Amino acid sequence: MLMSTNTAVGGSWLIEDDPTHFRRWATNTVYPFPLKPREGVIGAAEGCWLQLEDEANRVSRQHARLSHDNGQWLVTDLRSKNGVHHDGARRPVVVLAPGVEIGIGDITLITESPLLAALRRVLTRWIGWSAERQEDIDLALRSVRLAATLRGALHLCGAGNLVAIARLLHRHTLGDARPFIVCDPRRKRADESARAATNYDSGMEALTAAAGGTLCIWQNRQPDDFDQVVEALRKPATHVQLVVCTHTLQANDPLIGSPIVLPPLAERASELDRIIDESTVDAGAAPGETLPPVYREWLYQREASTLSRIEKATRRLFAIHKAEGSVTRAATQLGMAHATLSEWFARRTLEIGDDDDDN
């Protein structure tokens, strides 16, 4: 019997495009799939499509076969001694989907697609490009996928406004068409923009509004009825992704599973330029397109204290740049109110171009 790996409820997991390659766990080593309908043998023998060797010699000479059938990529165990594993269990056949991890011997291969690779680039920007961060990135990728497909809680830990980070994750995993709702009893209900989160102080109201999307809360600012929210989330009919934000992880906290920890920017000074460049691409820039030097320098001086501030400022500065200084056109592009964007710039005393709507 084929083992289906797509557990998304109602197709909520946005990353359902066709897999195109394997990537070896905690590395940038990629193995592109063969052209359809060709098959490829995975094993230790020379001549295999994917030749793998591990230190424990647990990879058979012809261990498994990668094939494409009926619109799906499959990995089939070729009666190997140690088998093919998925989710820790030995499987005769596994249907591949973005994010599925295949264990062959002591080697883990992650199934990737263009959309999953894009999500990994975002996580890499947040966590870091150094070799010692690579496993943290893949653990984060696993946490995001499991949370989005199985509706477990996803935990973000770091400095700054993590709600903005959670919103960007929502965009990459569930899409802008689904609701992103914040429940924060310390803030009054307010819309920053047509696409921004609506803030609620009632957990159950927020949960209802978040149906099919994401509910974001702060760990230390839970609503009074949060126990009811947790109980409702356990029900199969509740299709909501819960994201919990915290600045400091608390020991023995039952809500904390496998958190995504964002390192302080003070530890990543050498990567600041790259963070800004890739944030600019995520804001819609073409490859190689960057912020004008004056905006970039201003960002260094004013907004480079936390990752969330860099992300927000880069997105807004790039919109102003593309709108040739027009706050009105930039606000429209961002889905924000003109007054909100104007006030944001005014508080930071950034000089921008003329806002002439007739041009």
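1. A quick definition to start: a salt bridge here is a side-chain nitrogen of Lys or Arg within 4 Å of a carboxyl oxygen of Asp or Glu. Asp282 and Arg125 satisfy this, with their side chains at 3.5 Å, N to O. Please keep in mind that the model is predicted. The two partners come from distant parts of the chain, 157 residues apart: Asp282 belongs to helix H6 (residues 272–282) and Arg125 to helix H1 (residues 114–127).

2. Is each partner of that pair buried or exposed? Arg125 has a relative accessibility of 2% and so counts as buried. Asp282 has a relative accessible area of 21% and is therefore partly exposed, since buried requires a value under 20%.

3. You may also like the pair Arg221 and Asp184, whose closest N and O atoms are 2.8 Å apart in a salt bridge. Arg221 sits in the loop between strand S15 (214–218) and helix H5 (226–233), and Asp184 in the loop between strand S13 (180–183) and strand S14 (198–200), so this salt bridge ties together parts 37 residues apart in sequence. Both Arg221 and Asp184 are buried.

4. Another one to look at is Arg268 with Glu271, a salt bridge in which the closest N and O atoms are 2.7 Å apart. Arg268 and Glu271 are both buried. Elsewhere, a network of salt bridges links Arg23, Glu112, Arg120 and Asp138. The full count of salt bridges in the model is 19.

5. Now to helix H5. Which of its residues are buried? They are Phe226, Val229, Ala232 and Leu233. Around the axis these residues span an arc of only 115 degrees, which means that they lie on the same side of H5. Asp227 and Gln228 are exposed, on the face of H5 turned away from the buried side. The cover over the buried residues of H5 includes helix H4 (203–209), S15 and strand S16 (241–246).

6. Last, a sheet worth tracing on screen. Five strands form an open sheet with mixed pairing, in the order S4-S3-S5-S6-S9. At its edges stand strand S4 (50–51) and strand S9 (93–95); each has a single partner strand, so one side of each has no neighbour in the sheet. The partnership of S9 with strand S6 (residues 72–77) is antiparallel and runs over three bridges. Within this pairing, Leu74 has Val95 of S9 as its bridge partner.

Conventions:
Residues numbered from 1 in each chain as written. Predicted model: local features only at pLDDT ≥ 70, side-chain atom pairs only at ≥ 80, totals over all residues. Heavy atoms only, no water. Helix = DSSP H or I, 4+ residues; strand = E, 2+ residues; numbered from the N terminus. Buried < 20%, exposed > 50% of the residue type's maximum accessible area, 1.4 Å probe, protein only. Arc of directions from axis to C-beta. Contact = heavy atoms within 4.5 Å. Pairing = 2+ DSSP bridges.
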